[in-house]
Amino acid sequence: RSSRLEKVRAVVPSDWMGRISVVCLCNTFSMRELFSLYLTKPGVVAKRFSRDVVHVQLNRGTYERASTSAPSSPPAGGARWDVRVPNLAPLRDDAAVDSYVGDGYGGVGAAADAPGGGMFPEGSVEDDVSGVGEIFFFSYGIIVMWGLSREAEKHVLAEVREFENGSLEVDMEPELLDYRYISLPREFFVKFELSGDSDAMTRLWNDHDSPIRTPVIALNKIERDLIHLPMIPEAGELMTCLKLAYSHGAAQSSKLESFETAVEDIFNRVGEMPVQLAETGHLNISDEELLKLCGELYTYSAYINLQTDILETPDWFWDNEDLEPVYLKTAKYLDISKRTAILNIRLNTLNDMYALFRDERHLQTGHRLEWIVIWLIVIEVVIDLVELAALVRFGD
């Protein structure tokens with residue numbers, strides 16, 4: 001007789017794929033206000049994984065309340081599986097909104113007319129397997145959306161505009177990845193003696209010392225822009241954390257692309273100036289324009305250098321070391337280390353260009369002062385000669 005977990009393995013469609021949209025909107029988000037919005041928004045559950053990450057989850061269907069327990073058997077037709085999500089008491093006061101960071105979720109908004117806007121559009125969740133759509137907001141201006149419809153994505157982008165700080169110089173195109181669920185190998189059910197007890201399974205998956213977590217996490221992989229996620233019943237929190245590990249890498253890649261685009265834009269505008277300097281010996285721009293250019297180069301260089309720490313391994317993995325390999329796989333696949341090294345080289349080149357233009361201005365100023373001194377000497381010599389000639393002529 002097949003166990004309930006073995007039945008779950010059979011409902012994962014091998015050909016189903018979902019979409020991950022990674023969008024860079026701005027320099028930073030106002031995370032406190034953004035988190036407060038989704039704490040009171042109807043039909044969603046919101047959580048802060050850290051001060052830098054807000055997570056929002058939608059359950060497929062009415063979006064009135066996220067499920068707190070998985071169904072006893074797969075739904076008819078085997079189309080989806082409702083993942084367990086914690087649902088603790090909501091945090092309402094400002095102090096709690098500002099400081100809340102923990103393992104539980106905020107409550108679901110109770111009324112459609114509550115502060116924080118209206119419902120998501122019908123059909124917002126396209127994830128037919130897990131039945132949930134997930135959104136991760138990163139403080140450095142990135143949104144990563146899993147399994148949402150395009151209408152729902154537009155809804156999210158529109159309602160967070162008021163929480164953006166600092167606009168981008170160039171509008172960024174969203175990065176798109178795909179994901180699919182894979183069934184757990186049959187040997188897992190035998191080797192780890194998995195049962196159908198929901199509470200026992202939840203404790204097993206969410207226990208960081210559990211012997212099954214590491215082998216299951218190792219099943220995750222990313223190739224050809226497709227993420228392969230093991231479908232883990234009764235483990236909504238672990239599934240969300242796996243998606244967050246992937247999202248950290250994807251968000252860093254998108255932010256890095258915004259830096260790359262900004263630097264490339266500068267090079268496109270000033271790239272001919274060193275050539276002009278080499279061919280003519282001077283820059284054919286005014287002192288005011290040269291100072292503005294140097295100021296712009298310095299501002300960009302300082303801005304990017306001050307934010308490159310977001311490209312390091314996030315602090316969240318200090319407490320989730322078993323999930324760090326998933327993040328590292330994503331970062332390696334997206335060439336974050338190599339691209340960061342190239343970006344640093346280009347930033348150093350920008351700094352050299354800044355120094356070159358600054359030196360050119362100093363040389364121009366020095367040459368101007370030299371010619372002023374020369375002409376003053378010439379004028380003084382001419383005056384002395386005129387006086388000498390006058391003395392010779394009228395002295396007799």
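Thr330 touches Ile222, Tyr246, Gly249 and Ala250 when residues up to four places away in sequence are not counted, a contact being defined as heavy atoms within 4.5 Å. The model is predicted, and local features therefore need pLDDT of at least 70 and side-chain atom pairs count only at pLDDT 80 or more, while totals for chains, interfaces and linings use all residues. Residues are numbered from 1 along each chain as its sequence is written, and side-chain values use heavy atoms, with hydrogens and water left out.

Thr330 lies in helix α11, which comprises residues 324-333; helices (H or I, at least four residues) and strands (E, at least two) are DSSP runs, numbered from the N terminus. With a relative accessibility of 1%, Thr330 counts as buried, where buried means under 20% relative accessible area, exposed over 50% and partly exposed in between (1.4 Å probe, protein chains only). The side chain of Thr330 reaches the backbone oxygen of Val326 at 2.9 Å. In α11, Val326, Tyr327, Thr330 and Ala331 are buried. These residues lie on the same side of α11, because they cover an arc of only 135° around the axis, the arc being that of the directions from the helix axis to the C-beta atoms. After α11 comes Asp335, which has a positive phi near 55°.

A second covered element is strand β6, residues 142-146, in which five of the five residues are buried. In a regular strand the side chains alternate between the two faces of the sheet. Both faces of β6 are covered, with Ile142, Val144 and Trp146 buried on one side and Ile143 and Met145 buried on the other. Strand β1 (residues 18-24) pairs with β6 in the antiparallel sense over five bridges, pairing requiring that DSSP find at least two bridges between two strands; Cys24 has Ile142 of β6 as its bridge partner. Strand β5 (residues 132-138) is likewise antiparallel to β6, with five bridges, and the bridge partner of Phe137 in β6 is Ile143. The hairpin of β5 and β6 has three residues between the strands, and Gly141 takes a positive phi near 90° there.

For the protein as a whole, the secondary structure comes to twelve helices and ten strands, and 48% of the 396 residues count as buried. Among contacts between residues at least 6 apart in sequence, 76% join residues at least 24 apart. The accessible surface, obtained by the Shrake-Rupley method with a 1.4 Å probe, comes to about 19,900 Å², of which 54% belongs to carbon and sulfur atoms.

How values were computed. Polar contact = N/O pair within 3.5 Å; in protein donor to acceptor, adjacent residues only side chain to side chain.
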